[in-house]
Amino acid sequence: MKARQKRLVFVGLAIAGVGAAASMALSALQSNLSYFFSPTQVAANEHPTDAVFRVGGLVVEDTLKRQEDGLTVRFDVTDNAATVPVSYTGILPDLFGEGQGVVAKGRIGQDGMFYAEEVLAKHDESYMPPEVADTLQTAHVEGVIESTGESVKSGAAAQ
Amino acid sequence: MIPELGHFALILALTIAIVQAAFPLAGSLVGNRQWMAMARPLAYGQFTFLLIAFACLVQAFLTDDFSVLYVAQHSNSLLPEIYKVSAVWGGHEGSLLLWVLFMAAWGGLVALLSKDLPATVMARVISVQGMIAIGFLLFTLLTSSPFERLFPVPADGRDLNPLLQDPGLAIHPPMLYMGYVGFSVAFSFAIAALIGGRLDAAWARWSRPWTTAAWVFLTIGIALGSWWAYYELGWGGWWFWDPVENASLLPWLVGTALMHSLAVTEKRGAFKSWTVLLAIFAFSLSLLGTFLVRSGVLTSVHAFATDPERGLFILIFLCIVIGGSLALYAWRAPEVSEGGRFDLLSRESALLGNNLLFVAFTVLVLFGTLAPLIYEAFDWGKISVGFPWFNKMFLALAPFLALLVGFGAATRWKHDEPMRLVKLLWVAFALSIAVLAITSLPTFSGGHLWVPIGLALSAWLLFSHIAIVRERLKNKQGWRTVVADMRGSGRSFYGMVVAHVGVAVFAVGVTMVSNFEGEKDVRMSPGDSHELAGYRFEFLGAQKAPGPNYQADRGHFIVYKGDRKVTELFPEKRAYLAGGMPMTEAAIDAGLFRDIYVSLGEAVGGGDWALRLYYKPYVRWIWLGSIFMALGGILALTDPRYRTARVRASAPAGSAVGARA
């Protein structure tokens, strides 16, 4: 009987401990989550205004411009239904380029400009972040589907 | 012709794997000695045919046979010879072939080295290895054969991804795979034991060296990957909590828990069911890692071209492996007798704590890694979990682990006296408190809370282990004992000490670099100087510099500390001729106490460059600590106990051994 009580106390403590730890981990998770929004969703104001989120799509050709300070760049990101202007200060990843898929993490400013803290790099030319691929598939614009379809296909062929 | 030979060898290997999975196991169940005896030759045969297949692929790469699709996609005639070899595992198909080759190599090694294993156990282990091999060989042959031909034959190949043209990455995947696949041996031993219904100290002793060996490879593999990411990606980070990195960390965490749990099972006969469970999960997480990396379901900076269809195959395979082994566990584990009672203050308790902490951290990392999938499945939105969360979770658990390691290594099996521990460890404890006090001073800590904590915990790890070694040498003949220990069965003890000191070294590195690193993105014109963390970086301009298969812009920096010239750095921005992919080649002045790191961003006109400067104090200690851990593992591995033990353990037949505790 005594041993059983002891065991019950242990099990109770363990459950309480795991519960507390899990709730702490989850609440910490909430503050470190960043949601993904497509340019269309941003245009429709579905994005949070006071929190960090991610936006992704293709970098629009001829929009990549370097600012006076030599470090800040601006470019438009599109899902071919809507575009979001993005500003980023710092060194861009090697494979960043016009017409390429990109995911940027940051906040949106009062001026409607997305200020990125981080621009996702990738290691492989034929890799497309899954969110971006999804975004482009949901934006039913013939041209885009064709062009990204090709790059996805060549990615698959690369296997 | 030769690629077809390779393909044919793969098919033969699959045939052998099928025979290997069926006959020895069946033989062990019905008591057919001849069928059981097939295990060894089959394991050797499988390895031989996979080696032939692998050699055929290497040959295709070395001779620039671009009629092979995989070669055309991952090589180029301009590629330096050495990278033509490493390009073999530069893509999915080839790395999979390397994976099955290693799998067969581990099987062959078990067959070769475990001469004294009872025939039934050997037969079952090799059969389980065969079953896993069937899965992977089917996967290779059905979805990703590296020997597929390409018509018309292109004039030249697409080239190896420039990021992979690097000595660090040439050896990183083989090490990592050796680790991943190595856990299959621990898994096979566990399954074999479950089939036989015999989980005993002998079983733990057999699988211990294999587990440690796999763990050593995985440790080296992860450390190499981290080092590579640090110098090659040009962001100066050493760990990003990226899904692909987590995929390699998860089996390592469970593998570490398994190593410690096996110690209890071997020495005290306790934790048997738990140890089996860990062995199953260590390998399952290796498979899950493969699935995550190959399927592309998660956004990763490390993701290379992926294919969801392949992911599905691995997912199904993963379900069969986990489901099957857990079902077997549920069926058989209750029959396994529990042994070895122990007191609250004992090494068993400490190792239990170790296991709980490692498993808790595994669950957290797994959850954080899979959270985007969970959210997506429930339609809660597309999320990513920021790395601060992982850091927080790590910091929440790591201090307890560090404290525990010092105590745990000092405690005795079964029962220990509190006073003995106090007597043994109070000096170490006092010294660590002193370190805590000194490093808390604002002049030292710079106001960072974690600096004193991290350094005091490292000090505790170091001093407690010095005390433990002193205790072992007390009343003995000093250094002569060390020599005798190293010749004999003391090696696993010193292995433990070295590995734990490695944790201390690692902790110093992490603490210092996380709190004191400096980083700056700047635009510089030739002749400009910029100051960072007490160093003055002078930019002398960038010039064109041709390479063997690329064209580079090479920057020239002189770094001063005060008036003293510290080093000259030549970071490069390369454009590879095949494919034109740009790549940053950072320049690093490495030192034991600090790295100075410059990477070029882009030319912004007029000879100006956007570039990034880093100051990384103690960053080398992170990898140095990993090397210590791996060395500790190797030392423990060479303990002669495992060799003699096999002779002894194989002597008593039947289940009598299971009763010892």
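Two residues are in contact if their C-beta atoms, placed from the backbone, lie within 7 Å. The three views below show parts of chain B in a predicted model.

**View 1. Surroundings of B:Ala214 in helix α9 of chain B.** Helix α9 spans residues 201–232, and B:Ala214 is part of it. Leaving aside residues up to four places away in sequence, B:Ala214 touches B:Gly179, B:Gly182, B:Phe183, B:Val185, B:Ala186 and B:Gly255. For one of these contacts, B:Ala186, the C-alpha atom is separated from that of B:Ala214 by 8.8 Å, although the two residues are 28 residues apart along the chain. B:Ala214 counts as buried because it has 30 C-beta neighbours inside 10 Å, and the cut-off for a buried residue is 20 or more.

**View 2. The bend in helix α15 of chain B.** Helix α15 covers residues 418–440 and bends by about 50 degrees at B:Leu425. B:Leu425 is also buried, as are B:Ala428 and B:Ser432 in α15(B). An α-helix has 3.6 residues a turn, so residues three or four places apart point the same way. The buried residues of α15(B) pack against two other helices of chain B, α14 (387–410) and α17 (450–473).

**View 3. The hairpin of strands β7 and β8 in chain B.** Strand β7 (residues 572–576) and strand β8 (residues 582–585) run antiparallel and are joined by four bridges. Within this pairing, B:Ala575 stands opposite B:Pro582 of β8(B). Five residues lie between β7(B) and β8(B). In the turn, B:Gly579 has a positive phi of about 95 degrees.

Terms used. Residues are numbered from 1 along each chain as its sequence is written. Chains are lettered from A and ligands numbered from 1 in the order in which they are written. This is a predicted model: local features need pLDDT of at least 70, side-chain atom pairs count only at pLDDT 80 or more; totals for chains, interfaces and linings use all residues. The bend at a residue is the angle between axes fitted to the seven residues ending there and the seven starting there. A residue is buried if 20 or more other C-beta atoms lie within 10 Å of its own, exposed if 12 or fewer, and partly exposed in between; C-beta atoms are placed from the backbone. Two strands pair if DSSP finds at least two bridges between them.
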